[in-house]
Structure formats: structure tokens, C-alpha cells
Amino acid sequence: MSTVVYLNGQRVDYENAKISIEDRGFQFGDGLYEVVHVYNGRFFHLDRHLARLQKGAQEIYLDLDFGLDNLEKVCRVALRESGLKDASLYIQVTRGTAIRQHAFPHEVTCTWVVIVRESKGNPPDFYENGISCILVPDERWGRCNIKTVQLLANCIAKEKASRAGAYEAIFHRGGSVIEGSSSNVFIVKDNMMLTHPANKKILNGITRGIVLEIADQNNIEYSEEVFSIDDLLDADEVFLTGTTTEIMPVVKVDGKIIGDGIPGKLTKVMQEHYKKYIQTIDR
Ligand SMILES: Cc1ncc(COP(=O)(O)O)c(C=O)c1O
């Protein structure tokens, strides 16, 4: 049971997995990534993560020259070799190595990395009792729908949350709630779920999509619409979604208690549905 690393399609020891100082991912953040959850030895929607990677690549004019099928094969081999049951798969693709210049180089091949490692998961207490968040101004660029490795603004936001003793930082812009630093945000008001529309301002989370599908299948009302900071603070329930976050109840934002200060009824219903859904997915 160990961490398994593949670099450009070749298995390498973790310590010897090296990339060039001229790699554009290192110099410009010119790359994309995905994090995929593995439950009980099975990928949780590797298919959707690869589709999002492909879409992101098109957005940044990145030719996935190694082939998406090849990447999928390597992901599956790496997981098998790791022998891990509960794991996290990290995929990173950069535009590759070239002498530093802003314009995209012509003669270049992607650098691509696959890492499978044990997933510790969040403490059960977080899911049972909820967590707290802080609000931070969204100072990121205008293409947050692309899952690029340029995450400094997200890292600063998460650091602020951590220093405040909170689990997550929730971005706001112009009075509207956008998303978390590594999660999407849902609020519940009068049994209706609201979440930010999937436009350029947010990453359209795989988990977010699954929550909406579960809602469709169970006649749970929702709307993908912009809501305000006041709506967030006055909500009956708030929860976050994400690959590692899963469905996380939020009971406090900037010190203000949400609802009754305990995970909400609908949040718990969604957690139960999600738990069951996880067991059905192997792709
Ligand atoms: C900014 C941001 N929003 C939302 C999410 C949730 O996306 P997913 O459910 O695909 O993990 C992430 C996950 O990393 C993220 O970084």
C-alpha cells in the first residue's frame, strides 16, 4: 500500500519524480488538474473528471498530446498498483517544457502526472456537527470555470480561514456569494436549495452536479441563481460540496450562527442520498 506516481506515462519513485525548471506549470501556472475520489477501490466519476479536463484543455488551447484514453489507462493501472481502497487520485497536466516566454511555444509536449495516495478524509465530526466558514472578497481571475493550477488566491483564502479557525473561505463579489476556495456553496431557504449558476465565476463542481441530479430524482426543489451575503447569513441551512469535502454542513459564517446552529434537515437528507450514490458508481 503506497503512493504511486506516474510521470509522462512512466512509473517513477516518488523521490525521483522530477520536472524541469522550465516547465510552464512551474513558471506560469500554465496547466490543469483534477482530484478524483476513490471509494472502496473504485473511481468516483473518473469519467466526469476527464471530461472536465478535456473541456478545460480546449479553453486554454492545450493539446492533450498523450491522449485522454492513455491517461485513463494510467490512472487505472496506478490505482491497481497502489492496492489502495480509499484513495485520492491527482492528475496534473501542463503545457510542458520550453525556454521561458509568455506566448505558447510550438514544439512542446505536455508534462503529465498521476499520483495515487491514501485518502485520510475529513473527521466524521465535521459531517455530523458542521463546520464554520469565513467570507473573503473574490480576488481571482475571470475564468474560474477552468480548473487551472493557478490557485494562489484560493490558497490565500484557505489560509485566512485556517488562521480564523474555520474550515473554508467563501468568496463574495459585489455582494453576491460565489463559491468556496475549494468547494461550491449551497443554501437552503424554505426547503428550496440555491447555488450559484455554473458560469465563468465558479468551478462547476462534479459534486455540485451530482447534488442537483439527486435533487431532480427526489423532487427536491432547487434553483441555480445568484444569492447575496444576506441570503447566506439568513439561510435555514448552508452546505458545501466538493470531491474531498463531499457534502459538508456549515453552521457558522463569519461568527453568525446559521439556522439552528446544527446541520439542517435537507442537508442531512442530501448526505444520505450521496452516501448511497457513492456505492453505485464505478467509472
Ligand atoms: C474553486 C472550487 N470550486 C468547487 C470545487 C468543487 O469541485 P468538485 O466537486 O469537482 O471537486 C473545487 C474543487 O476543488 C474548487 O477548487
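**Ligand shell, cores and domains**

Guide: By class, two nonpolar, nine polar and two charged residues make up the shell around the ligand. Nonpolar means Ala, Val, Leu, Ile, Met, Phe, Trp, Tyr, Cys or Pro; charged means Asp, Glu, Lys or Arg; the others, Gly among them, are polar. This is a predicted model: local features need pLDDT of at least 70, side-chain atom pairs count only at pLDDT 80 or more, and totals for chains, interfaces and linings use all residues. Residues are numbered from 1 along each chain as its sequence is written.

Visitor: What makes a residue part of the shell around the ligand?

Guide: Its C-beta atom, placed from the backbone, must lie within 6 Å of the ligand. 13 residues surround the ligand, and the closest are Leu203, Gly205, Ile206, Thr207 and Thr243. Two elements, α6 and β13, give two or more residues each. The largest share, three residues, comes from α6. Helices (H or I, at least four residues) and strands (E, at least two) are DSSP runs, numbered from the N terminus.

Visitor: How do you know that the span of α5 agrees with its number of residues?

Guide: The expected span is 1.5 Å times one less than the number of residues. For the twelve residues of α5 that gives 16 Å, and the end C-alpha atoms are 16 Å apart, so the two agree. Just after α5, Gly165 takes a positive phi of about 75°.

Visitor: Why is a set of residues called a nonpolar core?

Guide: Its members are buried Ala, Val, Leu, Ile, Met, Phe, Trp, Tyr and Cys residues, joined through C-beta atoms within 7 Å. Buried means that 20 or more other C-beta atoms, placed from the backbone, lie within 10 Å of the residue's own; 12 or fewer means exposed, and in between is partly exposed. The largest core has 36 residues; those touching the most other members include Cys133, Phe186 and Val238. Among the elements giving it two or more residues are α5 (152–163) and β14 (246–253). A second, separate core of 27 residues includes Val5, Val38, Phe44 and Val114.

Visitor: What makes Val238 a contact of other residues, and which ones does it touch?

Guide: Contact means C-beta atoms, placed from the backbone, within 7 Å. Not counting residues up to four places away in sequence, Val238 touches Val185, Ile187, Leu232, Val250, Val253 and Ile258.

Visitor: How do you know where the domains begin and end?

Guide: The bounds come from an automatic or database domain assignment. Domain 1 is 4–118 and domain 2 is 124–280. Their C-alpha centres lie 27 Å apart. The contact takes 20 residues from domain 1 and nine residues from domain 2. On the domain 1 side, the largest share, eight residues, comes from β3.

Conventions: Contact = placed C-beta atoms within 7 Å.
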